[in-house]
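Could you walk me through this structure in plain language? I'm new to it and would like a guided tour.

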Amino acid sequence: MTVQEDTRMCSPYDVTISVHANRPTGKYEPLWNWFGYDEPNYTYSPHGRKLLKELTELSPEPPRIRAHNLLTSGDGLPALKWGSTNAYAEDAYGNPVYDWTIIDKIFDTYVEAGNIPLIQIGFTPEALSDFDGPYRHQWEPADKYATITTGWTAPPTDLKKWGDLIEAWARHLAERYGEDVVSSWPWEVWNEPDGHYWTGTIPQFCEMYDVSAKALKRALPKARVGGPHTCGAFANEKAQTFLRAFLKHVVDNKSPIDFLAFHAKGNPVIYEGHVRMGLHKQLRDIETNLAIINEFPELRHLPVVIGESDPEGCAACSARVHPQNGYRNGPLYGVYVVESMIRTYELARRANIHIEGAVTWAFLFDDQPYFDGFRDLATNGVDKAVLNGFRMLGKLGGEWLESESDYRRDIEDIMSHGVRGKPDVNVVATRDDKGVSILLWHYHDDDEAGPSADITVNLDGWGDMSASLKHFRMDEEHSHAFGVWKTMGKPQNPTGEDYARLEASGKLAEIDGQASVKVDDGKIALKVSLPRQGVSLLRLDW
């Protein structure tokens, strides 16, 4: 490549975006503010409590929180891909013994933080497991993923005792927090039974689902329950077979079900020395699962929860061990979340299915090095850049507005080829009773340098009101604690002013605000230079 060619490649390019403030296209309903994690015992740690409150502050709509291992037996201490509550044991005569102590700590924390639990029924307590091997795994990031499959994944040996446990658990929560409150919380049965989380057959799973759902409905008739949380289905015959068999069982047996759930995962790789994201795989997973649901006319009216919707499949697989996960500390994770969430809305409209929520499987990992490359939202109490992507999504509200970008990539092309070559410089906008929010992002699959986009935003239909502007930004230079941490010398024990500086750098930055914006015949023109892997939220108030 010549110097001239390199200079041209790095020169900014022009993008034109239009937003029509007087053309609403439907109610905006947030599907992105759902989060989850394997390790429920992190919930009530100091950092866990702090992060859960921050998630509540993202938007007026409370976040839904999904956690594994709520019925798993153990000592109540967290470990990677592990947690336990010891909710169920048996005495010397085989009689059930319920202990809600740890369960209460978890759910008290959710209630205090203003979260809504997405309550997962799972996994099998040790007293109900007959797995031929250890009950608990000792998984580490360098281990094969399949080694997590130990005794907690076995079908319950006594479905009568299992159903009684679910009913007792639901009644206990209702007594503690109020029946109306707990009945409003969504419930789900299990996780990825077609993967490493279930060692039984499909018929055994369906039977266990029915027992679980009916037990819940006995205790809380108004509660919503769903499943089966199968894996991503694109090019995955096992996942497709399992989901179809489960849906057929539900239809044939009129099983209680109020929402349907599946997972979707991307596939990042190392390409020519850098991380290349696999957004196309995640979107194809969603498309394939929605198509399977549409094969069952009796179920098409049900809402969908994408129980895990992520760039890849293992939050606890650190980038230190798995370099393809090197996107996690920086702004690429944040812009990927914005891109994938907005495209999820698009796929829902194409399939004519309501997606109620898309769970980002990321929380935190206490007692780990700073910025060790886990898929988390914060590290040692310091927010990562990705959380600021969610903060900007949280500033949308009201009604969707019609918008266009001359650099908007077609979704079918993305699902076929990814975002390679030409980036996706895109926009969505909403209008509420106080003003308009415009979300801009500049996404590319390749985690390497590229030219900025010089964007002209033309907004019409504003009316004759005055306007003010707030501009929020996440990119390499803003809302990016990892970048600040590197300039500080990558300290592993920052304290005092150093920690305060690091913590502040993880918050959402505001730049280039204007107390007064020119309005000409109901039109507003704005100029924004948006770096590659950057996100901006422009807030115009009357």
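What follows is a tour of a predicted model, taken a few spots at a time.

Let's start with the cysteines. Searching the whole structure turns up 1 disulfide. Cys314 and Cys317 are the partners, with 2.1 Å from S to S. Look along the S-S bond and you get an angle of 80°, which makes this link right-handed. Are the two partners buried or exposed? Cys314 has a relative accessible area of 7%, so it is buried. Cys317 comes out at 9%, so it counts as buried too.

Why does Cys206 have no bond to another cysteine? Its closest cysteine sulfur belongs to Cys231 and sits 15 Å away, which is too far for a bond. Cys206 is buried as well, with a relative accessible area of 4%. As for Cys231, it is in no disulfide either, and its nearest cysteine sulfur, that of Cys314, is 13 Å away. Cys231 has a relative accessible area of 15%, and because buried means under 20%, Cys231 is buried.

Cys206 also leads us to a histidine. His249 is found in helix 7, which covers residues 237-253. With 17% relative accessibility, His249 counts as buried. Setting aside neighbours within four places in sequence, His249 is in contact with Cys206, Asp210, Lys254 and Ser255. With one of these, Asp210, the histidine shares a polar contact of 2.7 Å between side chains.

Next, have a look at how some helices pack. Two packed helices are described by the angle between their axes and the distance between the axes. Take helix 2 (residues 46-56) and helix 3 (residues 101-113): they pack at about 40°, and their axes are 9 Å apart. That angle makes helix 2 oblique to helix 3. Which residues make the contact? From helix 2 they are Arg49, Leu52, Lys53 and Thr56, and from helix 3 they are Thr109, Tyr110, Glu112 and Ala113. The crossing of helix 2 and helix 3 is right-handed.

The other pair to look at is helix 9 (residues 331-351) with helix 10 (residues 385-393). Here the angle is about 35° and the axes are 6 Å apart. The crossing of helix 9 and helix 10 is right-handed. On the helix 9 side, the contact is made by Pro331, Tyr333, Gly334, Val337, Val338, Met341 and Ile342. Helix 10 brings Ala385, Val386, Gly389, Phe390 and Leu393 to that contact.

Keep Pro331 in mind, since it turns up again at the next stop. Asp475 lies in the loop between strand 20 (468-474) and helix 12 (481-487). At a relative accessible area of 2%, Asp475 is buried. What does Asp475 touch, not counting residues up to four places away in sequence? The answer is Pro331, His480, Pro531, Gln533 and Gly534. Its side chain also has a polar contact of 3.0 Å with the side chain of Arg473. In addition, a polar atom of the Asp475 side chain lies 2.8 Å from the backbone nitrogen of Glu477. For a sense of scale, Asp475 and Ser18 are 457 residues apart in sequence, and their C-alpha atoms are 23 Å apart in space.

Gln533, one of the residues touched by Asp475, brings us to some backbone oddities. Most residues other than glycine have a negative phi, and most peptide bonds are trans. Gln533 is not a glycine, yet its phi is positive at about 60°. You'll find Gln533 in the loop between strand 22 (524-530) and strand 23 (534-541). With 6% relative accessibility, Gln533 counts as buried. Asn86 is not a glycine either, and its phi is positive at about 55°. This residue lies in the loop between strand 3 (64-67) and strand 4 (88-90). Is Asn86 buried or partly exposed? At 35% relative accessibility, Asn86 counts as partly exposed.

Last come the cis peptide bonds. One runs from Gly122 to Phe123, with omega near 5°. Phe123 is in the loop between strand 6 (116-121) and helix 4 (159-177). Another cis bond joins Gly227 and Pro228, with omega about 5°. Pro228 has its place in strand 8, residues 225-230.

Terms used:
Residues are numbered from 1 along each chain as its sequence is written. This is a predicted model: local features need pLDDT of at least 70, side-chain atom pairs count only at pLDDT 80 or more; totals for chains, interfaces and linings use all residues. Side-chain values use heavy atoms; hydrogens and water are left out. A disulfide is a pair of cysteine sulfur atoms within 2.5 Å. Buried means under 20% relative accessible area, exposed over 50%, partly exposed in between (1.4 Å probe, protein chains only). Helices (H or I, at least four residues) and strands (E, at least two) are DSSP runs, numbered from the N terminus. A polar contact is a pair of N or O atoms within 3.5 Å; within protein, one must be able to donate a hydrogen and the other to accept it, and residues adjacent in sequence count only if both atoms are side-chain atoms. Contact means heavy atoms within 4.5 Å. Axes are lines fitted to C-alpha atoms, for helices over the stretch in contact, and angles run from 0 to 180 degrees between N-to-C directions. Angles under 35 degrees count as roughly parallel, over 145 as roughly antiparallel, 65 to 115 as roughly perpendicular and the rest as oblique. A crossing is left-handed if the near helix is turned anticlockwise from the far one by less than a right angle, and right-handed if clockwise.
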